[in-house]
Amino acid sequence: MITVSTFAVALGLMYLVNLTGTLRVSKEGELEGLDLHEHGIPAYPEYVISSSANPGSSPLEELNR
């Protein structure tokens, strides 16, 4: 009974929060990426594709170039 009532309350609350639209990020944020949009920096800078990137090299080799 506790599980069912907790699920029902949580479902109702999430439905109400969804109606406010606060669970979605803006279209610009989706296109830019949330790391840059929310924090201003990439979360994984070693995976950023650049013109000097070499698939066989490590991030340390890229820094030493």
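1. Let's start with confidence. Among the elements of the protein, H1 has the highest mean pLDDT, at 95, and H4 has the lowest, at 54. Keep in mind that this is a predicted model. For the protein as a whole, the mean pLDDT is 78, and 72% of the residues reach 70 or more.

2. Now the overall layout. You'll find four helices and zero strands here. Reading from the N terminus, the elements go α-α-α-α.

3. How much of the chain is buried? Of the 65 residues in the protein, 3% are buried. The protein exposes about 6,100 Å², and carbon and sulfur atoms supply 65% of that area.

4. H1 is a good place to look next. This helix covers residues 2–20. Its 19 residues should span 27 Å at 1.5 Å a residue, and the end C-alpha atoms are indeed 27 Å apart, so the expected and modelled lengths agree. As for cover, H1 has hardly any: the count of buried residues among its 19 is zero. Right after the helix comes glycine 21, with a positive phi near 80°.

5. Which residues make up the nonpolar patch on the surface? They are Val9, Leu13, Tyr15, Leu16 and Leu19, and together they have about 550 Å² of accessible area. Tyrosine 15 sits in helix H1. Its relative accessibility is 53%, and because the cut-off for exposed is over 50%, tyrosine 15 counts as exposed. A bit of helix background may help when you view this stretch: an α-helix has 3.6 residues a turn, so residues three or four places apart point the same way.

6. On to charges. The structure holds one salt bridge. Its partners are the side chains of arginine 24 and glutamate 30, which meet at 2.7 Å, N to O. As a general point, side chains of opposite charge can pair when their charged atoms come close. Are the two partners buried or exposed? Arginine 24 counts as exposed because its relative accessibility is 60%, while glutamate 30, at 39%, counts as partly exposed.

7. Have a look at isoleucine 41 too. Where is it? Isoleucine 41 lies in the loop between helix H3 (34–39) and helix H4 (59–64). With a relative accessible area of 55%, isoleucine 41 is exposed. If you set aside residues up to four places away in sequence, isoleucine 41 touches Asp35 and Leu36.

8. One of those partners deserves its own point. Aspartate 35 belongs to helix H3. Its relative accessible area is 34%, so aspartate 35 is partly exposed. Which residues does aspartate 35 contact, leaving aside neighbours within four places in sequence? The answer is Gly40, Ile41, Pro42 and Ala43.

9. One last reminder about how to read the ends of the scale. H4, which follows the loop holding isoleucine 41, has the lowest mean pLDDT among the elements, 54, whereas H1, home of tyrosine 15, has the highest, 95.

Terms used. Residues numbered from 1 in each chain as written. Heavy atoms only, no water. Patch = residues over 30% accessible without salt bridge, like charges linked within 9 Å, V, L, I, M, F, W, Y side chains within 5 Å. Areas by Shrake-Rupley, 256 points an atom, 1.4 Å probe, with all protein chains shown as cover. Salt bridge = Lys/Arg side-chain N within 4 Å of Asp/Glu carboxyl O. Helix = DSSP H or I, 4+ residues; strand = E, 2+ residues; numbered from the N terminus. Buried < 20%, exposed > 50% of the residue type's maximum accessible area, 1.4 Å probe, protein only. Expected span 1.5 Å × (residues − 1). Contact = heavy atoms within 4.5 Å. pLDDT = per-residue confidence, 0-100.
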